[in-house]
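Visitor: I've got a protein to look at and plenty of questions. Could you walk me through it?

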Amino acid sequence: MNLMKKEVIASMIDHTLLSPVAGVREIVRLCQEAKKYGFGAVCVNPSYVAVCKKELEYSNVKICTVVGFPLGAITTQDKVSETVNAVINGADEIDMVINLGAVNDCRFGEVELDIAAITEEAHFTGSKLGKKIIVKVILETCYLTDNIIDTCCLCAKRAGADFVKTSTGFATPKGSDGNLLPNGASVHCVELMRKVVGPDFGVKASGGIRTARKTVDMLMAGANRIGTSSGIMILNTWDESVIIPGYDDK
């Protein structure tokens, strides 16, 4: 039976704190929680990568940081610089935001080149330091049609990235009435992303995942990584008898 034990789901969670007002004390607590609960990674803003490296020394918790966050609108050169600095400072994983303006213009060649530049530099800089760097590409799916999500996923695969990711959690899409629309992960988008990238590519669901039930929904849809600031609550309410196809109970 493919039961999902707490330690397994914990290892799939990026314990996240990307608030612009988070200070060192909060980041240190995030790292302590990650070690205590066995989370796979912490996800923080670039200025706190070095803090996390110190706090997580001798642990198995990875350090994830964001690049071009949250808009994706800085130049490729700036994204590359952010990436190199992050890896040198201790990052193991890079979550980069695609250039949504280029996506909106259907300039997908530029989108792919942007992803490729960050991915190549991350992998190269990591190799010089003797470690493999994981690159996740944030699509910000709340702004995209299904066809555009398909195309962006293919751009990420061709560019050599390791994951596609749904959301930053900071988007503010609005309907024709001016009211805010949902901006996080959805089952539909995760299913679509998994279908496009295939079984051997990473899919990270992030944004608005605050309950064990929604976490299960995302895993069932095809996610193999979860980004959330609610990881502790999810684990505390996790039902280890839940069966998720494709996962071992080891």
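Guide: Sure, and one definition will help us first: Ala, Val, Leu, Ile, Met, Phe, Trp, Tyr, Cys and Pro count as nonpolar, Asp, Glu, Lys and Arg as charged, and the others, Gly among them, as polar. Keep in mind too that this is a predicted model.

Visitor: Let's try that out on the second largest pocket. How many charged residues does the lining of the second largest pocket have?

Guide: This pocket has a volume of about 150 Å³. Its lining includes Lys53, Glu57, Lys62, Asp92 and Lys131, and Asp, Glu and Lys count as charged. By class, the lining has 4 nonpolar and 3 polar residues, and the number of charged ones is 5.

Visitor: What volume does the largest pocket have?

Guide: Let's look at its walls before the number. Thr168, Gly169, Gly207, Gly208 and Ser229 are the closest to its centre, out of 18 lining residues. Strand S1 (13–17), strand S7 (202–206) and strand S8 (225–228) each supply at least two residues of that lining. The volume of this largest pocket is about 330 Å³.

Visitor: And how many residues of the lining of the largest pocket are polar?

Guide: Gly counts as polar here, which is handy to know since Gly169, Gly207 and Gly208 are among the residues closest to the centre. The lining divides into 4 nonpolar and 3 charged residues, and the polar ones number 11.

Visitor: On to the helices. Are H6 and H7 parallel or oblique to each other?

Guide: Helix H6 (residues 108–128) and helix H7 (residues 146–158) pack with their axes 8 Å apart, at an angle of about 40°. Angles under 35 degrees would count as roughly parallel, and the roughly perpendicular range is 65 to 115. That makes the packing of H6 on H7 oblique.

Visitor: Which residues in H6 meet H7?

Guide: H6 passes H7 in a right-handed crossing. The contact divides into 7 nonpolar, 1 polar and 2 charged residues. On the H7 side you'll find Ile148, Thr151, Cys152, Cys155, Ala156 and Arg158, and on the H6 side Phe108, Val111, Glu112 and Ile115.

Visitor: How do H4 and H6 lie, roughly parallel or roughly perpendicular?

Guide: The axes of helix H4 (residues 76–89) and H6 come within 9 Å and cross at roughly 25°. Angles under 35 degrees count as roughly parallel. Therefore H4 and H6 are roughly parallel.

Visitor: How many nonpolar residues are in the contact of H4 with H6?

Guide: The crossing of H4 and H6 is right-handed. H4 brings residues including Val80, Val84, Val87 and Ile88, while H6 brings Ala117, Ile118 and Ala122, among others. The contact also has 4 polar and 3 charged residues, and the nonpolar count is 7.

Visitor: What about H8 and H9, are they roughly parallel or roughly antiparallel?

Guide: Helix H8 (residues 187–197) and helix H9 (residues 212–221) have axes that come within 8 Å and cross at roughly 25°. With under 35 degrees as the cut-off, H8 and H9 are therefore roughly parallel.

Visitor: Which residues of H9 make the contact with H8?

Guide: H8 and H9 make a right-handed crossing. From H8 come Val187, Val190, Glu191 and Arg194, and from H9 come Asp217, Met218 and Ala221.

Visitor: Any backbone oddities? Which peptide bond is cis, with omega near 0°?

Guide: Most peptide bonds are trans, so a cis one is worth a look. Pro70 sits in the loop between strand S3 (62–67) and H4. The cis bond runs from Phe69 to Pro70.

Visitor: Last one: which residue has a positive phi although it is not a glycine?

Guide: Most residues other than glycine have a negative phi. Look in the loop between helix H3 (49–55) and S3. The residue there, with a phi of about 70°, is Tyr58.

Notes. Residues are numbered from 1 along each chain as its sequence is written. This is a predicted model: local features need pLDDT of at least 70, side-chain atom pairs count only at pLDDT 80 or more; totals for chains, interfaces and linings use all residues. Side-chain values use heavy atoms; hydrogens and water are left out. Axes are lines fitted to C-alpha atoms, for helices over the stretch in contact, and angles run from 0 to 180 degrees between N-to-C directions. Helices (H or I, at least four residues) and strands (E, at least two) are DSSP runs, numbered from the N terminus. Angles under 35 degrees count as roughly parallel, over 145 as roughly antiparallel, 65 to 115 as roughly perpendicular and the rest as oblique. A crossing is left-handed if the near helix is turned anticlockwise from the far one by less than a right angle, and right-handed if clockwise. Contact means heavy atoms within 4.5 Å. On a 1 Å grid over the protein atoms alone, a cavity is a set of points where a 1.4 Å probe fits but cannot get out, and a pocket is an open set with protein on both sides within 12 Å along at least five of seven lines; lining residues have an atom within 4 Å of a point. Grid points are joined across faces, edges and corners, and a volume is the space filled by probe spheres set on the points.
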